[in-house]
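Dear colleague,

Please find below the structure for your review. My notes on it follow directly after.

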Amino acid sequence: MNSAEWIEKADRYIMRTYGRYPLVPVKGEGCNVWDADGKKYLDFLAGVAVNNLGHCHPAVTAALARQAGELIHCSNYYHIPQQIELAELLCQNSFAEKAFFCNSGAEANEAAIKLARKYSREKFGPERFEIITALASFHGRTMATVSATGQEKVQKFFDPLLHGFRYVPFNDAQALKDAITPCTCAVMLEPIQGEGGVVVPDAGYFAEVRRICDENNLILIFDEVQVGMGRTGKLFAHEHFGITPDIMTLAKALAGGAPIGTMLATEELAAAFTPGTHGSTFGGNPLVTAAGIATVRTILEEGILEHTQEVGGYLMAKLESLKERFPFVAQVRGIGLMIGVELTVPGGDIVKKALQRGLLLNCAQDRVLRFVPPLIVKKGEIDEMIATLTEIMAEI
């Protein structure tokens with residue numbers, strides 16, 4: 001079937017939970033995808049920061065094919081070697097000592113919320129349950145993570161929200177300090193806000209957040225679902241700020257495109273979860289964790305982090321040059337290959353025109369173009385993207 005036929009059938013059978021663009025990708029390789037009509041697209045969205053190793057990376061596809069021929073699924077009633085190996089890899093390369101696996105970022109954040117509440121309840125009593133999050137944050141689509149998200153557009157229509165969340169401005173340590181009450185048990189933040197418009201906090205903000213948490217016996221949770229796994233040129237984004245959290249959540253890029261989520265924690269906190277308190281039917285099954293092992297090893301062993309730092313700087317400089325030419329380009333910001341371009345005009349039309357020209361982009365918060373290409377992107381592909389974007393901006 002061609003693209004038009006697939007889209008007609010989708011309108012008939014698929015719920016309209018997404019405002020989908022008229023694109024039907026059927027094949028991917030590296031930084032490129034092809035639609036059902038055979039048209040090629042340069043992908044600077046990467047499945048919203050999922051395809052960090054590009055489309056169909058050989059190491060990931062080989063791991064999936066090999067594991068699919070041996071054992072696809074196994075209940076968490078039993079021990080799963082691939083799950084154990086991935087947990088070991090993540091713990092050896094982070095602050096964490098224990099891992100819990102699930103299927104998505106929302107589930108990982110849901111687990112973090114539950115662990116923070118259970119640990120605090122056991123250590124300090126049932127009155128400590130509130131979690132402070134940031135305005136403009138995004139933590140997922142389940143009821144708990146919608147309640148944690150600091151965006152009204154995500155929450156409306158779903159009242160009553162889950163009780164026990166307070167919101168403060170991101171990058172404002174004093175506001176965080178002022179929001180603490182005797183009921184507060186944790187602080188949950190993204191090291192860099194993604195859906196909030198690629199917002200990077202000031203130097204020193206997170207050191208102050210860590211100090212406030214320590215002084216008040218609060219758990220610090222970092223949501224690295226979008227910014228983790230090498231996206232910023234370090235394995236985890238919080239490494240840029242010189243501190244560590246008590247709990248960290250990962251998903252999106254962890255398994256090279258296979259659906260996975262994980263919550264990592266210190267031994268002390270992880271001990272609050274005991275058999276029966278939390279679980280996941282599919283979480284960490286042999287197939288997805290085999291893909292996760294291949295992904296993490298590739299990121300760590302094949303110079304992906306160093307390459308991300310280099311091409312991230314190259315892309316940042318190219319985008320900065322657009323600011324000199326087009327007055328509606330207000331600011332370029334980000335770290336590594338997590339970059340946002342804030343405009344003084346809506347960015348939706350630019351995204352649509354880019355799609356027509358064979359370029360996949362995204363816009364957050366209506367006016368921030370978000371650039372999260374595969375970490376394997378080459379400078380030549382960045383030049384190609386900039387040439388297309390320049391043509392589009394010249395028409396505004």
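The lining of the second largest pocket comprises 14 nonpolar, 12 polar and 1 charged residues. These values, like those that follow, were computed on a predicted model. The volume of this second largest pocket is about 880 Å³. Its lining is made up of 27 residues, and those nearest the centre are Asn 76, Gln 83, Ala 99, Phe 100 and His 278. At least two lining residues are supplied by each of α4 (81-92), β4 (98-102) and β10 (261-265). Strand β4 provides the largest share of the lining, with 4 residues.

Turning to charged pairs, 19 salt bridges were counted. In one of them, Arg 211 is paired with Glu 208, and the closest N and O atoms are 2.4 Å apart. Both residues belong to helix α9 (residues 205-215), where Arg 211 and Glu 208 are 3 residues apart, or about one turn of the helix. Arg 211 is partly exposed, with a relative accessible area of 31%, and Glu 208 is also classed as partly exposed, at 27% relative accessibility.

Helix α9 also takes part in a salt bridge between Asp 246 and Arg 210, for which the closest N and O atoms are 3.1 Å apart. What does this pair tie together? Asp 246 is located in the loop between β8 (219-223) and β9 (247-250), whereas Arg 210 is in helix α9, so the salt bridge ties together parts that are 36 residues apart in sequence. Asp 246 and Arg 210 are both buried.

A further salt bridge joins the side chains of Lys 323 and Glu 320, at 3.1 Å from N to O. These two residues are 3 residues apart in helix α12 (residues 304-325), so about one helical turn separates Lys 323 from Glu 320. Lys 323 has a relative accessible area of 33% and is therefore partly exposed; Glu 320, at 27% relative accessibility, likewise counts as partly exposed. Elsewhere, Lys 353, Arg 357, Glu 391 and Glu 395 are joined into one network by salt bridges that share partners.

As regards aromatic residues, the search of the whole structure returned 6 aromatic pairs. For Phe 326 and Phe 328, the ring centres are 5.6 Å apart and the planes lie at 35 degrees, so this pair is classed as tilted. Both Phe 326 and Phe 328 are buried. One aromatic cluster is formed by Phe 170, Tyr 205, Phe 206, Phe 222 and Phe 241.

Lastly, the cysteines. How many disulfides does a search of the whole structure find? The result is 0 disulfides. Cys 102 is in no disulfide, and the nearest cysteine sulfur, belonging to Cys 91, is 14 Å away. Cys 102 is classed as buried because its relative accessibility is 1%. Why does Cys 213 have no bond to Cys 185? The sulfur of Cys 185 is the closest cysteine sulfur to that of Cys 213, yet the two are 11 Å apart, which is too far for a bond, since a disulfide requires the sulfur atoms to be within 2.5 Å. Cys 213 is buried as well, with a relative accessible area of 0%.

Yours sincerely

Methods:
Residues numbered from 1 in each chain as written. Predicted model: local features only at pLDDT ≥ 70, side-chain atom pairs only at ≥ 80, totals over all residues. Heavy atoms only, no water. Buried < 20%, exposed > 50% of the residue type's maximum accessible area, 1.4 Å probe, protein only. 1 Å grid on protein atoms, 1.4 Å probe; cavity = no way out; pocket = protein on both sides within 12 Å on 5 of 7 lines; lining within 4 Å. Points joined across faces, edges and corners; volume = space filled by probe spheres on them. Nonpolar A, V, L, I, M, F, W, Y, C, P; charged D, E, K, R; others polar. Salt bridge = Lys/Arg side-chain N within 4 Å of Asp/Glu carboxyl O. Phe/Tyr/Trp six-rings, centres within 6.5 Å; stacked < 30°, edge-to-face > 60°.
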